[in-house]
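Hi,

Here is the model I mentioned, with sequence and coordinates together. Have a look, and my notes are underneath.

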Amino acid sequence: VQEDRRQLAKAEATAREALAVDSEYVPAHLLMGHLRFRLGMPQQGLRSYRTAHELAPTEPEPQVRLVEGMMDNGMVSEAEDQCLMFLSENGTNTDLWLALGKVFEEQEKLREAFTTYGQVMTLDPENDEASARQGRLFCRFGQYEAAKASCERALEINPDNLIAHAYLGIAASRLGDRNTALRHAKIAEAGGLNMASVWEELGK
């Protein structure tokens with residue numbers, strides 16, 4: 001952990017040097033924001049994202065990062081308003097729709113989140129994250145067959161999607177498919193996700 005923190009601090013110093021050369025270099029502000037969040041400085045990270053957005057107000061990446069940074073700072077309602085404003089100007093950007101879905105989930109607006117991920121998939125049928133997140137919501141709704149299908153679809157697109165592995169494991173455990181549950185829960189756990197609910201279900 002200490003080594004990882006040193007690497008992050010080193011990367012932050014590199015970004016700072018880039019900004020000393022060109023204070024309006026947007027990628028460096030975005031990197032600085034990411035690193036500051038990783039280093040446990042969310043307010044400073046959000047400030048970096050705001051600067052990136054001010055420098056490139058129509059670019060989608062600073063918009064998405066700003067929304068996610070606001071959410072990570074506990075400004076969830078404000079993040080929703082901000083994201084909706086961005087979408088009114090750029091309604092075809094799937095990353096913004098994904099960010100809005102996450103904001104809805106954070107507020108337990110699960111039906112709104114589900115519909116929003118559906119909008120992502122309308123714009124981009126190959127979007128594995130939206131499919132995986134719909135699978136997670138199906139689990140929360142207790143619709144485990146649908147959750148299994150959504151997660152399998154996500155893994156067809158991207159075999160490394162950890163959310164899909166996790167919730168396929170959960171859905172399979174609820175459906176009594178022990179082998180599938182074990183296989184996918186182990187992959188999710190190796191990726192750092194907590195799969196205690198699956199082990200508990202399988203241990204019954």
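The bit I'd start with is a polar contact: the side chains of arginine 136 and glutamate 105 meet at 3.4 Å. Bear in mind that this is a predicted model.

Arginine 136 sits in helix H8. Is that arginine buried or exposed? With a relative accessibility of 18%, arginine 136 falls under the 20% cut-off, so it counts as buried. If you skip the neighbours within four places in sequence, arginine 136 touches Glu105 and Tyr167.

Tyr167 leads on to the helix pairing, since it belongs to H10 and is part of the contact with H8. The axes of H8 (residues 128-140) and H10 (residues 162-174) come within 9 Å and cross at roughly 30°. Angles under 35 degrees count as roughly parallel, so that is what H8 is to H10. The crossing is a left-handed one. On the H8 side, the contact is made by Ala132, Arg133, Arg136 and Cys139, and H10 brings Ile163, Ala164, Tyr167, Ile170 and Ala171. Sorted by type, the residues of this contact are seven nonpolar and two charged, with no polar ones.

As for the whole protein, there are twelve helices and zero strands. The C-alpha trace spans about 60 × 45 × 30 Å along its principal axes. Of the 204 residues, 44% are buried. Looking at contacts between residues at least 6 apart in sequence, 45% join residues at least 24 apart.

Cheers

Notes: Residues are numbered from 1 along each chain as its sequence is written. This is a predicted model: local features need pLDDT of at least 70, side-chain atom pairs count only at pLDDT 80 or more; totals for chains, interfaces and linings use all residues. Side-chain values use heavy atoms; hydrogens and water are left out. Axes are lines fitted to C-alpha atoms, for helices over the stretch in contact, and angles run from 0 to 180 degrees between N-to-C directions. Helices (H or I, at least four residues) and strands (E, at least two) are DSSP runs, numbered from the N terminus. Angles under 35 degrees count as roughly parallel, over 145 as roughly antiparallel, 65 to 115 as roughly perpendicular and the rest as oblique. A crossing is left-handed if the near helix is turned anticlockwise from the far one by less than a right angle, and right-handed if clockwise. Contact means heavy atoms within 4.5 Å. Ala, Val, Leu, Ile, Met, Phe, Trp, Tyr, Cys and Pro count as nonpolar, Asp, Glu, Lys and Arg as charged, and the others, Gly among them, as polar. Buried means under 20% relative accessible area, exposed over 50%, partly exposed in between (1.4 Å probe, protein chains only). A polar contact is a pair of N or O atoms within 3.5 Å; within protein, one must be able to donate a hydrogen and the other to accept it, and residues adjacent in sequence count only if both atoms are side-chain atoms.
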